[in-house]
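Please read this briefing alongside the sequence and the coordinates. It takes up the ligand site, then the chain as a whole, then one histidine in a loop.

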Amino acid sequence: MIIVMGKEVTEAEIGAVVRKLEAAGLQANISRGIERTVIGAIGDERKLDPEMFTPLPGVESAMHIAKQYKIVSRESHPSDTVIDIGGIPLGGKAVQIIAGPCSVETQEQMDLSAQYVSDAGCRLMRGGAFKPRTSPYAFQGKGVEGLDMFDRAARKHNLPIVTELMDVRMLDTFLERGVDVIQIGTRNMQNFDLLKEVGKIDTPVILKRGMSATISEWLMSAEYIAAGGNHNIIFCERGIRTFETAYRNVLDVTAIPVLKKETHLPVIVDPSHAGGKAWMVPALSRAAIAAGADGLLVEMHPNPCEAWCDADQALNPQELKNLMGVLKQIAQALGRDL
Ligand code: PEP
Ligand code: MN
């Protein structure tokens, strides 16, 4: 059972619900989000009835949710959640394309990238300062220095920044630097301690799908973040591992409508890490938006041949611009905008 409290809820009203749950022999998980506070019942729910809670002051609704994921489930919140990222809405009518290099390299590369991302009409920018690399001998990212380069470049164009957090010890640095969206990469989708920590803040989180994760495992990982009180979660499908070796990963387009049915939260797609080759990116991007994705996370480099990381899959600036034009038409055909 979850009990959804209104936006203006008071501590006394939350306390009354918690006491009622405890009197019935259950415990409460209180998840304080920006839009709503959700109280989850922990224990034998069969003793509970929604009517025990709905008359209490401050209670918006109470419902049994059979699934393991509750706060993120569509059942708990039938309408689409729109996440506000520094004034840019994600999850609503407007499709958002988040573009930028795989990794932050130099100030010049970031300045150029930000210029191209903005010129193409994108409203958010990506770039990794801390890189999860398969080989310990590969470039690991510029670290904190990279965050500063990214910030300087993106602010000039009012582009909110999206960057990956791998180590919880860096969380305060991310917050001090004003990172707008924290990306949790595929390799950390089930790093539950990391998920719990980003659950305690309200910075939006892009939760990438683990490369071998089922939809249900992915939703449960999001529930970890939501249970802590951070309801600003964006799912990102980035391709999964299968027997196929002709491309880097298999873009699971089916995941888009399935997630849209299961959760009220926005769903975006990373066509770059799915295909692994720049020439595949436009086709995968078109498919993603046509299937109902709320946006894309796409790699673009001012000079892909010279990229320090994921050079094969980076679009060049002109390719990004062309892609934006095509995606706008697809979005409009679906009654959306870009
Ligand atoms: C990335 O977006 O740069 C990245 C490392 O992605 P993933 O976690 O999906 O591999
Ligand atoms: Mn990459």
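**Ligand 1 and its surroundings**

In this predicted model, ligand 1 is surrounded by R126, K131, P132, E164, Q183, G185, T186, R187, K208, R238, H273 and E299. Sorted by class, this shell comprises 7 charged, 4 polar and 1 nonpolar residues.

*Polar contacts and cover of the ligand*

- The side chain of R238 places an N or O atom 2.6 Å from an oxygen atom of ligand 1.
- An N or O atom in the side chain of K131 is 2.9 Å from an oxygen atom of the ligand, and a polar side-chain atom of Q183 likewise lies 2.9 Å from a ligand oxygen atom.
- On its own, ligand 1 has 300 Å² of accessible area, of which the protein covers 97%.

*The chain as a whole*

- The protein chain contains 10 helices and 14 strands, and its C-alpha atoms fill a box of roughly 65 × 40 × 40 Å when this is taken along the principal axes.
- The radius of gyration of the protein chain is 20 Å, which agrees with the value near 20 Å that a compact globule would have with 338 residues.
- Of the 338 residues in the protein chain, 56% count as buried, while the area that the chain exposes comes to about 14300 Å², with carbon and sulfur atoms supplying 52% of it.
- Among the contacts in the protein chain with a separation of 6 or more, 67% are accounted for by residues 24 or more positions apart.

*H301 in its loop*

- H301 is found in the loop that runs between strand 14, residues 295-299, and helix 10, residues 317-333.
- Is H301 buried or exposed? The relative accessibility of H301 is 5%, and because buried means under 20%, H301 counts as buried.
- The side chain of H301 reaches the backbone nitrogen of N303 at a distance of 2.9 Å.
- When its neighbours within four places in sequence are left aside, H301 is in contact with P101, E105 and Q109, as well as with E306, A307, A314, L315, N316 and P317.

*Points to compare in the viewer*

- For the ligand site, the side chains of R238, K131 and Q183 can be inspected together, since each of them has a polar atom placed at the stated distance from an oxygen atom of ligand 1.
- For the loop, the contact partners of H301, including P101 and P317, can be viewed together with the backbone nitrogen of N303, which the H301 side chain reaches at 2.9 Å.

How values were computed. Residues are numbered from 1 along each chain as its sequence is written. Chains are lettered from A and ligands numbered from 1 in the order in which they are written. This is a predicted model: local features need pLDDT of at least 70, side-chain atom pairs count only at pLDDT 80 or more; totals for chains, interfaces and linings use all residues. Side-chain values use heavy atoms; hydrogens and water are left out. A residue is near a molecule or strand if one of its heavy atoms lies within 4 Å of it. A polar contact is a pair of N or O atoms within 3.5 Å; within protein, one must be able to donate a hydrogen and the other to accept it, and residues adjacent in sequence count only if both atoms are side-chain atoms. Accessible areas come from the Shrake-Rupley method with a 1.4 Å probe; for residues, only the protein chains shown count as cover. Ala, Val, Leu, Ile, Met, Phe, Trp, Tyr, Cys and Pro count as nonpolar, Asp, Glu, Lys and Arg as charged, and the others, Gly among them, as polar. Helices (H or I, at least four residues) and strands (E, at least two) are DSSP runs, numbered from the N terminus. The radius of gyration is taken over C-alpha atoms; the globule rule is 2.2 Å times the number of residues to the power 0.38. Buried means under 20% relative accessible area, exposed over 50%, partly exposed in between (1.4 Å probe, protein chains only). Contact means heavy atoms within 4.5 Å.
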